[in-house]
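Thank you all for coming; I would like to walk through one structure this morning, going from individual residues to the pockets. Please have the sequence and the model open while I talk.

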Amino acid sequence: VSGELLQPQTGGLGMPPPTPLTAPFWSGCEAGELRFQRCPECGRAEFPPSEHCRNCLSEAITWEVSSGRGEVYSFTVVYRPVTPNLHVPYAPVIVDFAEGFQMLTNLVGVPVDGVQVGVPVRVRFVAVDGRTLPYVEPAG
Ligand SMILES: [Zn+2]
């Protein structure tokens, strides 16, 4: 519906539990921090979480906290949900974060016809199904 703001999902997402690898990311979300990894050897920013740098294979990779700011790199708008639990429309987006990593998330707080490549966004943490999810919203 045009003009209506995209909203976070309210539940029934069926998310897998955190693993030892992803736990620092999820506990960061609970603490209001968007965490990513960086390789101290080559400087590459990594997301999603990895045991090693995807560029130089160093295992010395460490966690850092993002500013939570970036811009929309790519998006789609979904009208036919992959499961009936999801409310439509919703807008999956790939965000280029300022620190140099990309994350797939969902854009909220804009009209469905206002989703565009290049829009500045910031992270917005939303509690869903007992987890804290990093959505993004317009930064303007
Ligand atoms: Zn590296």
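Let me begin with a question: with which residue does Glu 46 form a salt bridge, and how far apart are the closest N and O atoms? The partner is Arg 54, and in this model, which is predicted, the closest N and O atoms of the pair are 2.5 Å apart. The two partners sit in contrasting surroundings, since Glu 46 has a relative accessible area of 1% and is therefore buried, whereas Arg 54, with a relative accessible area of 39%, is partly exposed.

Let me turn to another pair, Arg 122 and Glu 137, which also form a salt bridge, here with the closest N and O atoms 3.1 Å apart. Because Arg 122 belongs to strand β7, residues 120-128, and Glu 137 to strand β8, this pair ties together parts that are 15 residues apart in sequence. Arg 122 counts as partly exposed at 31% relative accessibility, while Glu 137 counts as buried at 18%, a value to be read against the cut-off of 20% under which a residue is called buried. Coming back to Glu 46 and Arg 54, I should add that these two are joined with Arg 44 into one network by salt bridges that share partners.

In total the structure holds 6 salt bridges, and one that I would still like to describe is formed by Glu 64 and Arg 38, whose closest N and O atoms are 3.2 Å apart. Glu 64 lies in strand β3, residues 62-65, and Arg 38 in strand β1, so parts that are 26 residues apart in sequence are tied together by this pair. Glu 64 itself is partly exposed, its relative accessible area being 31%.

Strand β1, which covers residues 35-38, also contains Gln 37, and I would ask you to look at that residue next. Is Gln 37 buried or exposed? With a relative accessible area of 4%, Gln 37 is buried, and a polar atom of its side chain lies 2.7 Å from the backbone nitrogen of Ser 50. If we leave aside residues up to four places away in sequence, the residues that Gln 37 touches include Arg 44 and Glu 46, two members of the network I described, and also Pro 48, Pro 49, Ile 61 and Trp 63.

Pro 48 brings me to the backbone geometry. Most residues other than glycine have a negative phi, and most peptide bonds are trans, so the exceptions deserve a moment. Which peptide bond that ends at Pro 48 is cis? It is the bond from Phe 47 to Pro 48, with omega near 0°, and Pro 48 is placed in the loop between β2, residues 45-46, and β3. The bond from Val 88 to Pro 89 is likewise cis, with omega near -5°, and Pro 89 lies in the loop between β4, residues 69-75, and β5, residues 91-97.

As for phi, Leu 57 is not a glycine and yet has a positive value of about 70°; Leu 57 is in the loop between β2 and β3, and it counts as exposed at 57% relative accessibility. Asp 129, also not a glycine, has a positive phi of about 55°, and this residue is found in the loop between β7 and β8, where it counts as partly exposed at 39% relative accessibility.

Let me finish with the pockets. What is the volume of the largest pocket? It is about 710 Å³, and the lining is made up of 27 residues, with Met 15, Leu 104, Thr 105, Asn 106 and Leu 133 lying nearest the centre. At least two lining residues come from each of α1, residues 23-30, β6, residues 102-107, and β8, residues 131-138. By character, the lining of this largest pocket divides into 19 nonpolar, 7 polar and 1 charged.

The second largest pocket has a volume of about 180 Å³ and is lined by 12 residues, of which Glu 4, Leu 5, Gln 7, Val 88 and Pro 89 lie nearest its centre. Val 88 and Pro 89 are thus residues you have already met, at the cis peptide bond. The lining here divides into 7 nonpolar, 4 polar and 1 charged.

Terms used. Residues are numbered from 1 along each chain as its sequence is written. This is a predicted model: local features need pLDDT of at least 70, side-chain atom pairs count only at pLDDT 80 or more; totals for chains, interfaces and linings use all residues. Side-chain values use heavy atoms; hydrogens and water are left out. Helices (H or I, at least four residues) and strands (E, at least two) are DSSP runs, numbered from the N terminus. Buried means under 20% relative accessible area, exposed over 50%, partly exposed in between (1.4 Å probe, protein chains only). A polar contact is a pair of N or O atoms within 3.5 Å; within protein, one must be able to donate a hydrogen and the other to accept it, and residues adjacent in sequence count only if both atoms are side-chain atoms. Contact means heavy atoms within 4.5 Å. On a 1 Å grid over the protein atoms alone, a cavity is a set of points where a 1.4 Å probe fits but cannot get out, and a pocket is an open set with protein on both sides within 12 Å along at least five of seven lines; lining residues have an atom within 4 Å of a point. Grid points are joined across faces, edges and corners, and a volume is the space filled by probe spheres set on the points. Ala, Val, Leu, Ile, Met, Phe, Trp, Tyr, Cys and Pro count as nonpolar, Asp, Glu, Lys and Arg as charged, and the others, Gly among them, as polar. A salt bridge is a side-chain nitrogen of Lys or Arg within 4 Å of a carboxyl oxygen of Asp or Glu.
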